[in-house]
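Hi everyone, thanks for coming. Let me walk you through one structure, starting from a single residue and working outwards.

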Amino acid sequence: MPFRIVFSHGYFIQLDAKEQPIMRPYPPLGLLYLSAFLQQHGFANEVFDNTFYLPHDFKQYLLKNPPHVLAFNVNLLTKLHILPLVNWIREQPSLQNTIIVLGGPDVTHNTDAYIQAGADAVIYGEGEQTMLALVQALSSGYLPTDPKAMQPISGLVWRNASTGQITQNLPRPALKNIDDLPQANWQAINMHQYIETWKKHHGFSSISVSTQRGCPYTCKWCSTAVFGQSYRRRAPKLVVKELEYLRQNYNMDLIWFV
């Protein structure tokens, strides 16, 4: 059976009462970058974009296609759905071997709590290199509680099988040159759902694009929790190349630079 990696998040637009009259959804950029990075390094993966589904749909998907690794992006809003999903996964016999990995802005300041809540591993800081190192170890047969395999992975929090102790490894330095990252894996999700939703509710479409990482400010709930106190820009030619790709494939009317 192929080693299956699934990325997802806990945002369900139908359960967001405040978003219902607004209806301005944007794709999960962070997961699309993670997906592209693993793909670049030889690890096929899937992104289950919960935005236009309900928890029941996601549960059925997991039961039908049990992944080896399930990685969630977590923030202050989505943890309200993700933590119950983690509990539900732990109760399913067919998902007992699924390794749950959590990352995102909220986990950075609450790593131990998320391990206690049922996660096998927590990634703090930027996720691409740490996620790659983790799936390299897991796909080789190591468990997420094995000190030999987990201890060397910087940016990782895990529970030692021998001692039961939660260990936070050394932080991973931020990627110096973000031009080394591949373009977001836009093909991994149904972008036309976003285009059609915008068109239906506003008469025009919008797509979000990242031109940099980090922020000169210090809000703890936002990007500083993931990217640290840094500000790194993508090369303009790469941004233009991505904009050309998006225009050719999705013909958006508006771009939101995040």
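Let's begin with S35, which sits in helix 1; helices here are DSSP runs of H or I with at least four residues, numbered from the N terminus. Before going on: this is a predicted model, where local features need pLDDT of at least 70 and side-chain atom pairs count only at pLDDT 80 or more, while totals for chains, interfaces and linings use all residues. Residues are numbered from 1 along each chain as its sequence is written, and side-chain values use heavy atoms, leaving out hydrogens and water.

Is S35 buried or exposed? With a relative accessible area of 0%, S35 is buried (under 20%, against over 50% for exposed and partly exposed in between, using a 1.4 Å probe and protein chains only). Not counting residues up to four places away in sequence, S35 touches F7, N45, V47, N185 and A188, contact being heavy atoms within 4.5 Å.

Now to F7. Beyond four places in sequence, the contacts of F7 include L31, L34, S35, L38 and M131. In the largest nonpolar core, which has 49 residues, F7, M131, M150 and W186 touch the most other members. Such a core is a set of buried Ala, Val, Leu, Ile, Met, Phe, Trp, Tyr and Cys residues joined through side-chain atoms within 4.5 Å. Helix 1 gives the most to this core, with 7 residues.

Which residues, finally, bring helix 1 and helix 6 into contact? They are Y33, L34, F37 and L38 from helix 1, and E128, Q129, M131, L132 and V135 from helix 6.

Terms used: Helices (H or I, at least four residues) and strands (E, at least two) are DSSP runs, numbered from the N terminus.
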